[in-house]
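Here are some exercises to help you find your way around a new structure. Try each task yourself before you read the solution below it.

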Amino acid sequence: MTTADPPAEGQSPHPLEGVHEEEVVYQNPLLFLKIWEIASSIPPRPLNAWHWHYHKEVEFLAVKEGSLGVQTKHDYEVLGPGDVMVLGSSQLHRTHKLQEGELRYVVFQLDLARHFDPSTMLYLHSFSELTQPLGKLNYIWREHAEVRQEAYRLILSILEESQVQHRGYELAISSSIKRLMLLLMRHDSRGVLGEPEESEQARLRPALDYVDKHLGEKITVEDVCGLLNLSYHYFIKLFKKSMGLSFVDYVNYRRIKTAERLLLTRDLSIMDVGLEVGIPNMAQFYKLFKRHNHCSPKAFKQRMRSESGPAAIGVNLL
């Protein structure tokens with residue numbers, strides 16, 4: 001992996017012209033990801049022939065063959081075989097083929113926040129990009145060849161599991177995603193992910209346990225403040241700082257994740273599921289569910305029960 005100044009043709013007076021937001025359609029709604037391999041034999045084209053784009057999902061690139069140029073708002077990198085790169089949520093970028101011959105690389109897009117469960121939620125703030133984009137972590141690949149090789153192996157493993165879909169492939173993919181995050185966290189010597197506030201996180205544990213125990217009931221910030229003996233304003237600031245999202249958003253997140261499980265494992269009506277997770281107002285339940293899953297609870301249930309797995313994932317030929 002090498003870095004260089006962006007090529008002249010990429011430096012237009014209006015570098016953000018033609019920017020578009022890319023909608024990522026997940027191959028598995030419960031894994032919140034899309035992964036595929038791109039193979040290109042067409043001649044190289046100038047960088048300015050390609051549009052800038054972005055998406056809320058984090059993206060990993062892994063080059064198998066050839067050379068890939070990647071431009072972001074601040075940097076330009078050339079990736080070769082075995083190289084990897086991470087692009088943060090909503091980070092502007094565009095790519096192009098650099099030389100004649102075959103170019104093959106893997107594109108892996110995922111909503112990282114969805115891969116934190118109650119036992120790991122305390123680390124969500126590190127990857128929430130509240131202060132710095134995850135793209136700043138790319139120095140790790142350059143400084144640690146063994147870490148780059150492990151990340152490359154994990155990404156290709158996720159691709160293979162997605163394609164073959166042997167029993168338990170979801171567990172394998174989820175495990176590899178967590179391993180990727182762990183690699184980044186343990187080798188981030190520059191503190192891009194921030195320093196963990198273990199004492200603050202430990203202090204919030206009773207609040208997280210309270211939410212899980214009372215998910216089907218009305219939960220107020222005041223109830224949890226009293227449990228922790230903290231003032232309202234101090235608690236909401238502490239929670240947002242430590243968790244990377246507000247207390248209300250966290251409660252809604254836990255409710256929708258529980259609703260997903262109920263829809264797939266129990267024979268309940270949509271209304272009963274809403275009641276079970278503490279959202280008796282159906283309009284509010286549908287609104288929150290659609291915000292998290294981009295579909296209604298009924299569509300989610302039908303799709304997941306009618307499909308044995310995500311559609312076959314092939315190779316895109318350019």
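**Exercise 1. Find how many salt bridges the structure holds, then look at the one between Arg-104 and Glu-65.**

Start with the rule: a salt bridge is a side-chain nitrogen of Lys or Arg within 4 Å of a carboxyl oxygen of Asp or Glu. With that rule, the count comes to 15. This is a predicted model, so local features need pLDDT of at least 70 and side-chain atom pairs count only at pLDDT 80 or more, while totals for chains, interfaces and linings use all residues. Residues are numbered from 1 along each chain as its sequence is written, and side-chain values use heavy atoms, with hydrogens and water left out.

Now take the pair itself. The closest N and O atoms of Arg-104 and Glu-65 are 3.7 Å apart. Arg-104 belongs to strand S10 (residues 103-110) and Glu-65 to strand S5 (residues 58-65), so their salt bridge ties together parts 39 residues apart in sequence. Helices (H or I, at least four residues) and strands (E, at least two) are DSSP runs, numbered from the N terminus.

Next, check accessibility. Buried means under 20% relative accessible area, exposed over 50%, and partly exposed in between (1.4 Å probe, protein chains only). Arg-104, at 25%, is partly exposed, and Glu-65, at 33%, is partly exposed too.

**Exercise 2. Work out how far apart in sequence the partners Arg-205 and Asp-209 are, and which network other salt bridges build.**

First, the contact: Arg-205 and Asp-209 form a salt bridge, with 3.7 Å between the closest N and O atoms. Both sit in helix H4 (residues 198-213), four residues apart, or about one turn of the helix. That spacing fits a general rule: an α-helix has 3.6 residues a turn, so residues three or four places apart point the same way. Arg-205 has a relative accessible area of 26% and is partly exposed; Asp-209 is partly exposed as well, at 32%.

Then the network: Glu-37, Lys-64, Glu-65 and Arg-104 are joined into one by salt bridges that share partners.

For another example within a helix, look at Glu-150 and Arg-153, whose side chains meet in a salt bridge at 2.8 Å, N to O. They are three residues apart in helix H2 (residues 145-164), which is about one helical turn. Arg-153 is partly exposed at 44%.

**Exercise 3. Decide whether strand S6 (residues 68-72) is enclosed or open, and find its pairing strands.**

Step one is burial. Five of the five residues of S6 are buried, so the strand is largely enclosed by the rest of the structure. Go face by face: Leu-68, Val-70 and Thr-72 are buried on one side, and Gly-69 and Gln-71 on the other.

Step two is pairing, where two strands pair if DSSP finds at least two bridges between them. S6 runs antiparallel to strand S7 (residues 76-79) over four bridges, and the two make a hairpin with three residues between them. S6 also pairs in the antiparallel sense with strand S9 (residues 93-97), over five bridges.

Step three is to follow one residue. Gln-71 has Tyr-76 as its bridge partner in S7 and stands opposite Arg-94 in S9.

**Exercise 4. Find which residues of helix H5 (residues 221-228) are buried and which are exposed.**

The buried ones include Val-221, Val-224, Cys-225 and Leu-228. They cover an arc of only 105° around the axis (the arc of the directions from the helix axis to the C-beta atoms), which puts them on the same side of H5. On the other side, Glu-222 and Gly-226 are exposed. Just after H5, Asn-229 takes a positive phi of about 60°.

**Exercise 5. Describe the aromatic pair of Tyr-26 and Phe-32.**

Rings of Phe, Tyr and Trp (its six-membered ring) pair if their centres lie within 6.5 Å; planes under 30 degrees apart count as stacked, over 60 as edge-to-face and the rest as tilted. The structure holds 10 such pairs. Tyr-26 and Phe-32 are 5.8 Å apart centre to centre with 80° between the planes, so the pair is edge-to-face. Both residues are buried.
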